[in-house]
Amino acid sequence: MVVETGNGNKPKGPWHSLIDLGAGDGATTAHVAHLFEKVYATDISAPMRWALAKRKFTVLDVEKWYESGPFNVILCLNLLDRCDRPNTLLRRLKSSLASGGRLVVALVLPFSPYVEVGERDDHKPSEYLPVKGNGLEGQIASLVDRVFTPLSLRCLVWSKLPYLCEGDLGQAYYFLDDVVFVLEAQPDSSQYSASEWTNTEPSGYKRSDVVEQQTGHERKCYTGKSHL
């Protein structure tokens, strides 16, 4: 992310507002907060909302955050695989971007959705995100072609980062791959029908072995940072 700087220490330019969805305690948000005039954040956890407010971020309701938009930059880091309706969220993310804004999405691959609180009782999402493909590169291509492109979200750049995941009795930690995408909204020109990527679940759809071993535990991540 390129930010112009003036004669003083405070950056200036197009990036006036930032929102970090599912920001946790705000540690990641704090790394970029100084680049923006207004910083918003959300989290479903009451203690985390308290921590965000203590950092002087404006804490928004998790169900109504978009009402404070549009935003120049939206962070959606490691949230899509924990979201009950990821397609609905992505559409809302796009509509909440200011003109020329950027959406930053981070996602652990291979894709393994696990919903703590949702409409179903089996920890699976209500909406199916059609991430397919063999290997990391195949899943990245699937995300770009089958998820982002149908929503008219253009991928500008992506990067792979290490993801340290809380383990279980058999292993203290799991080392996974976190992929970060920087996206911009394009005029709607989808060539896909909505039935191809929402509210469907293919046969054989299941969580990965790693997530199976973590059933009932919230996954905590310690993700490396890159300069975007």
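## Aromatic pairs in a predicted model

Of the 228 residues in this protein, 42% count as buried. Keep in mind that the model is predicted. Welcome to a quick tour of its overall make-up and its aromatic contacts, of which four are ring pairs.

**Overall make-up**
- Five helices and eight strands make up the secondary structure of the protein.
- Read from the N terminus, the elements follow the order β-α-β-α-β-β-α-β-α-β-β-α-β.
- Taking contacts between residues at least 6 apart in sequence, 66% join residues at least 24 apart.
- About 12,300 Å² of the protein is exposed, and carbon and sulfur atoms supply 51% of that area.

**The cluster around tryptophan 65 and tyrosine 66**
- The structure holds four aromatic pairs.
- In one of them, the ring centres of tryptophan 65 and tyrosine 66 are 6.0 Å apart with planes at 85 degrees, so this pair is edge-to-face.
- Tryptophan 65 has a relative accessible area of 5%, so it counts as buried.
- Tyrosine 66 is partly exposed, because its relative accessible area is 29%.

**The phenylalanine pair**
- Phenylalanine 148 and phenylalanine 181 have ring centres 5.2 Å apart and planes at 70 degrees, so they too pair edge-to-face.
- Phenylalanine 148 belongs to helix H4 (residues 135–148) and phenylalanine 181 to strand S7 (residues 173–185), so their pairing ties together parts 33 residues apart in sequence.
- Both phenylalanine 148 and phenylalanine 181 are buried.

**More around tyrosine 66**
- Tyr40, Trp65, Tyr66 and Phe71 form one aromatic cluster.
- Arginine 92 places its charged end over the ring of tyrosine 66, 3.9 Å from the ring centre.

Key
Residues are numbered from 1 along each chain as its sequence is written. This is a predicted model: local features need pLDDT of at least 70, side-chain atom pairs count only at pLDDT 80 or more; totals for chains, interfaces and linings use all residues. Side-chain values use heavy atoms; hydrogens and water are left out. Rings of Phe, Tyr and Trp (its six-membered ring) pair if their centres lie within 6.5 Å; planes under 30 degrees apart count as stacked, over 60 as edge-to-face and the rest as tilted. Buried means under 20% relative accessible area, exposed over 50%, partly exposed in between (1.4 Å probe, protein chains only). Helices (H or I, at least four residues) and strands (E, at least two) are DSSP runs, numbered from the N terminus. A charge sits over a ring if NZ of Lys or CZ of Arg is within 6 Å of the ring centre and within 35 degrees of the ring normal. Contact means heavy atoms within 4.5 Å. Accessible areas come from the Shrake-Rupley method with a 1.4 Å probe; for residues, only the protein chains shown count as cover.
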